[in-house]
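Take a walk through this model, starting with its strands and ending at its surface. Keep the sequence and the 3D view side by side.

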Amino acid sequence: DVARPGEGQERAAELVLEFDEPPTELSGPQRQCRLLLLAYDDGAGLNLQHGCHHVILYAPLSSPPKDGERVIAAVGKEQQSIGRVRRAGQSSHVTIHRIVLEGPGGERTLDGLLHERNMDEALIKSATNTAE
């Protein structure tokens with residue numbers, strides 16, 4: 001099923017709830033691969049630990065490099081997206097995939113630079129408030 005533009009948040013919420021239903025004896029072996037495509041902002045507040053065990057980050061979040069608060073917010077949104085799946089009640093190993101574009105000759109692109117920045121441990125620590 002697909003929530004089409006203009007169908008409203010109610011329909012989208014129904015689809016997300018259906019997507020995240022825990023598997024049962026009947027649904028387990030017959031379940032097919034399913035995809036839930038969300039923008040970073042659309043995933044805020046969702047719990048997806050029952051229906052998901054892969055997260056694919058396909059568009060690194062950018063922000064002005066000299067605006068520290070916005071950089072931390074961008075990194076935080078990526079970490080929050082991962083946290084929607086990697087949370088209490090998750091019974092599967094969670095795999096994080098990141099699609100990073102390269103130039104035709106393997107040159108680094110903005111995607112690659114943003115990926116490196118968004119994986120910086122100090123930034124992740126600041127973004128997730130896990131300072132010891």
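Two strands pair if DSSP finds at least two bridges between them. Helices (H or I, at least four residues) and strands (E, at least two) are DSSP runs, numbered from the N terminus. The model is predicted: local features need pLDDT of at least 70, side-chain atom pairs count only at pLDDT 80 or more, and totals for chains, interfaces and linings use all residues. Residues are numbered from 1 along each chain as its sequence is written, and side-chain values use heavy atoms, with hydrogens and water left out.

Start with the overall layout. The chain has four helices and two strands. Along the sequence they follow the pattern α-β-α-β-α-α.

Now look at the strands. β1 and β2 (residues 95–98) run parallel and are joined by four bridges. V55 has I96 as its bridge partner in β2. For I56, the bridge partner in β2 is H97. Helix α2 (residues 68–83) joins in: β1, α2 and β2 make a right-handed β-α-β unit. Right-handed has a set meaning here: with the strands pointing away from the viewer, the path from the first strand over the helix to the second runs clockwise.

Which side chains of β1 are buried, and which are not? Buried means under 20% relative accessible area, exposed over 50%, and partly exposed in between (1.4 Å probe, protein chains only). V55 and L57 point to one face of β1 and are buried. H54 and I56 point to the other face and are not buried. This fits a general rule. In a regular strand the side chains alternate between the two faces of the sheet. Over the whole chain, buried residues make up 28% of the 132 residues.

Next come the charged pairs. Side chains of opposite charge can pair when their charged atoms come close. A salt bridge is a side-chain nitrogen of Lys or Arg within 4 Å of a carboxyl oxygen of Asp or Glu. By this rule the chain has two salt bridges. One joins R98 and E78, with the closest N and O atoms 3.1 Å apart. R98 lies in strand β2 and E78 in helix α2, so this pair ties together parts that are 20 residues apart in sequence. E78 counts as buried because its relative accessibility is 0%. R98 has 21% and therefore counts as partly exposed.

The other salt bridge links R108 to E116, where the closest N and O atoms are 3.0 Å apart. R108 is exposed, with a relative accessible area of 54%. E116, at 46% relative accessibility, counts as partly exposed.

Move on to helix α3 (residues 110–118). Its buried residues are D111, G112, L114, R117 and N118. They pack against α2 and α4 (121–128). Contact means heavy atoms within 4.5 Å.

Take D111, which sits in helix α3. At 17% relative accessibility, D111 counts as buried. Leaving aside neighbours within four places in sequence, D111 is in contact with P60, I99, V100 and L101. D111 and S62 are 49 residues apart along the chain, yet their C-alpha atoms are separated by 8.9 Å.

Helix α2 offers a second example, I72. With a relative accessible area of 30%, I72 is partly exposed. Apart from neighbours within four places in sequence, I72 is in contact with L123, S126 and A127. I72 and N118 are 46 residues apart in sequence, and 8.6 Å apart in space from C-alpha to C-alpha. Across the chain, residues 24 or more positions apart account for 59% of the contacts with a separation of 6 or more.

Finish at the surface. Accessible areas come from the Shrake-Rupley method with a 1.4 Å probe; for residues, only the protein chains shown count as cover. The accessible surface of the chain comes to about 9500 Å², and 53% of this belongs to carbon and sulfur atoms.

Which residues make the nonpolar surface patch? Patches are made of residues with over 30% relative accessible area and no salt bridge: like charges are joined within 9 Å, nonpolar side chains (Val, Leu, Ile, Met, Phe, Trp, Tyr) within 5 Å. L35, L37, I56, Y58, I99 and L101 make a nonpolar patch of about 660 Å². L35 is found in the loop between α1 (9–19) and β1 (54–57). At 70% relative accessibility, L35 counts as exposed.
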